[in-house]
Amino acid sequence: MDLDFNRRLSIAPMLDCTDRHERYFLRLISKNILVYSEMVVSTGLIHCKDTNIFLEHEDCELPAVLQLGGSNPSELAEASKLVERAGFNEVNLNCGCPSDRVQNGNFGACLMKDKNLVADCFKAMQDAVSIPVSIKCRIGVDEFDSWEFFRDFIGTIADAGCRIFIIHARKAWLKGLSPKENREVPPLKYEFVHKLKAEMPQLNISLNGGIKTLDQVEEQLKDLDGVMVGREAYENPWFLRNADERIFHTNPPATISSRKALLEAYLPYVEKEFAKGTPATILTRHLYGLFTGLPGARKFRQTLSQGAPKTKDAAEMLRRAMDSIVEE
Ligand SMILES: Cc1cc2nc3c(=O)[nH]c(=O)nc-3n(C[C@H](O)[C@H](O)[C@H](O)COP(=O)(O)O)c2cc1C
């Protein structure tokens with residue numbers, strides 16, 4: 001099993017955000033970041049007639065991880081095989097989502113209360129595929145928020161053979177907080193993640209939650225293997241522009257020189273996908289935050305939000321939106 005591709009900076013799985021179009025777009029900014037899919041429910045995937053709906057991607061998106069949600073080991077194993085066959089580099093199990101829908105299906109963050117089931121799920125998945133299987137979790141759930149609980153949870157899954165963990169460094173409250181509040185209200189405790197790495201240095205540990213700058217990423221990487229960024233990457237993707245140089249130390253640095261140049265590079269993809277029937281709203285929804293702070297950013301967003309639902313030429317509409325930005 002190859003653990004070897006670089007996990008120094010990854011983009012978090014985000015439902016309704018990190019679809020294949022967003023991943024293609026982010027790949028234009030950085031050649032090295034590790035991108036994640038949205039969560040795909042294992043039952044849905046294995047019973048779907050057209051698995052392409054969930055698994056389609058372009059080779060240039062790679063390295064990419066597909067995240068599964070589920071708690072049935074044999075279903076997760078079956079789904080992992082489909083993920084591997086589709087060409088993803090890794091499969092991840094969601095043990096961090098607190099939504100009611102996910103709790104009703106008995107997966108996501110509530111799985112943290114059943115470490116042995118998670119270990120069984122991991123084993124079934126890893127036995128089924130030769131790509132790595134990783135776990136994304138919180139530091140605790142409900143009243144189970146002690147260091148000992150967290151260490152024991154990770155230790156049990158590590159004993160089952162798991163080497164890669166991505167940790168959203170706040171606990172989840174399963175009753176009473178919405179998913180959005182569960183990303184904001186429980187305090188971040190980065191110290192849990194650092195203590196874990198210090199106690200279990202053999203594990204590949206990425207920290208997630210509240211990271212907004214490459215300076216913060218660099219700071220965390222002094223002690224940890226990786227950093228995962230969610231909302232900032234979606235809302236302000238341009239913050240990734242120097243990631244290849246600063247985080248991955250690639251030489252020569254990335255070639256996209258400006259946000260407009262980035263959109264120019266994205267346009268042929270928009271043309272191609274729109275011609276295939278992908279709605280313009282889906283192709284442009286992740287662009288809203290690209291020019292934030294620049295003169296014309298509001299007009300850019302307005303042109304997209306008003307133009308995308310009815311346009312007959314998505315690329316032309318995107319060009320028109322770009323014209324609102326006078327200079328960078
Ligand atoms: C809109 C949205 C959808 C999300 N969907 C998922 C998901 O499908 N799977 C998952 O593990 N986490 C999901 N998350 C949580 C993120 O992966 C991440 O853990 C969280 O946003 C904290 O990171 P951040 O502070 O960098 O945003 C989602 C977050 C947002 C904002």
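**Notebook: loops, barrel and ring pairs**

I began with Asn 106, which is located in the loop that joins helix H5 (100-104) to helix H6 (115-128). The model I am reading is a predicted one. I looked up the backbone of Asn 106 and found phi near 60°, a positive value in a residue other than glycine. I then asked whether Asn 106 is buried, exposed or partly exposed. Its relative accessibility is 40%, so I recorded Asn 106 as partly exposed.

**Entry: a second positive phi**

I turned next to His 249, placed in the loop between helix H11 (243-246) and H12. Here phi is near 55°, again a positive value in a residue that is not glycine. Is His 249 buried or exposed? I noted a relative accessible area of 56% for His 249, and exposed means over 50%, so the residue is entered as exposed.

**Entry: a cis peptide bond**

I checked omega for the bond from Leu 62 to Pro 63 and found it near 5°, a cis peptide bond. Pro 63 belongs to the loop between helix H3 (52-55) and strand S3 (64-69).

**Entry: the barrel**

I then followed the strands. How many strands form the closed barrel, and in what order do they run? I recorded 8 strands in the order S1-S2-S3-S4-S5-S6-S7-S8, with parallel pairing. On average, and with direction ignored, neighbouring strands of this sheet are turned by 25° against each other.

For one pairing I looked up the details. Strand S1 (residues 9-11) pairs with strand S2 (residues 34-41) in the parallel sense, over 2 bridges. Ile 11 has Val 35 in S2 as its bridge partner.

Two helices that pack on the sheet were also entered. Helix H4 (residues 73-86) touches S3 and strand S4 (90-95), and the direction of H4 makes about 160° with that of S3. Helix H7 (residues 147-159) touches strand S5 (133-137) and strand S6 (164-168). The direction of H7 makes about 155° with that of S6.

**Entry: aromatic pairs**

I searched the whole structure for aromatic pairs and obtained 9. I examined the rings of Phe 25 and Tyr 266: their centres are 5.3 Å apart and their planes stand at 65°. Planes over 60 degrees apart count as edge-to-face, so I classed this pair accordingly.

Which parts of the chain does this pair tie together? Phe 25 lies in helix H1 (residues 20-29) and Tyr 266 in helix H12 (residues 259-276), so the contact ties together parts that are 241 residues apart in sequence. Phe 25 has a relative accessibility of 0% and therefore counts as buried. Tyr 266 is likewise buried, with a relative accessible area of 0%.

I examined a further pair, Phe 291 and Phe 300. The ring centres of Phe 291 and Phe 300 are 4.7 Å apart and the planes are at 80°, so this pair too is edge-to-face. I found Phe 291 buried at a relative accessible area of 1%, and Phe 300 buried at 0%.

Returning to Phe 25 and Tyr 266, I noted that ring pairs link them with Tyr 24 and Tyr 269 into a cluster.

**Entry: a charge over a ring**

Finally, I looked up Lys 171 and Trp 173. The charged end of Lys 171 sits over the ring of Trp 173, at 3.7 Å from the ring centre.

Note on methods: Residues numbered from 1 in each chain as written. Predicted model: local features only at pLDDT ≥ 70, side-chain atom pairs only at ≥ 80, totals over all residues. Heavy atoms only, no water. Phe/Tyr/Trp six-rings, centres within 6.5 Å; stacked < 30°, edge-to-face > 60°. Helix = DSSP H or I, 4+ residues; strand = E, 2+ residues; numbered from the N terminus. Buried < 20%, exposed > 50% of the residue type's maximum accessible area, 1.4 Å probe, protein only. Lys NZ or Arg CZ within 6 Å of the ring centre and 35° of its normal. Pairing = 2+ DSSP bridges. Axes fitted to C-alpha atoms, helices over the stretch in contact; angles between N-to-C directions. Contact = heavy atoms within 4.5 Å.
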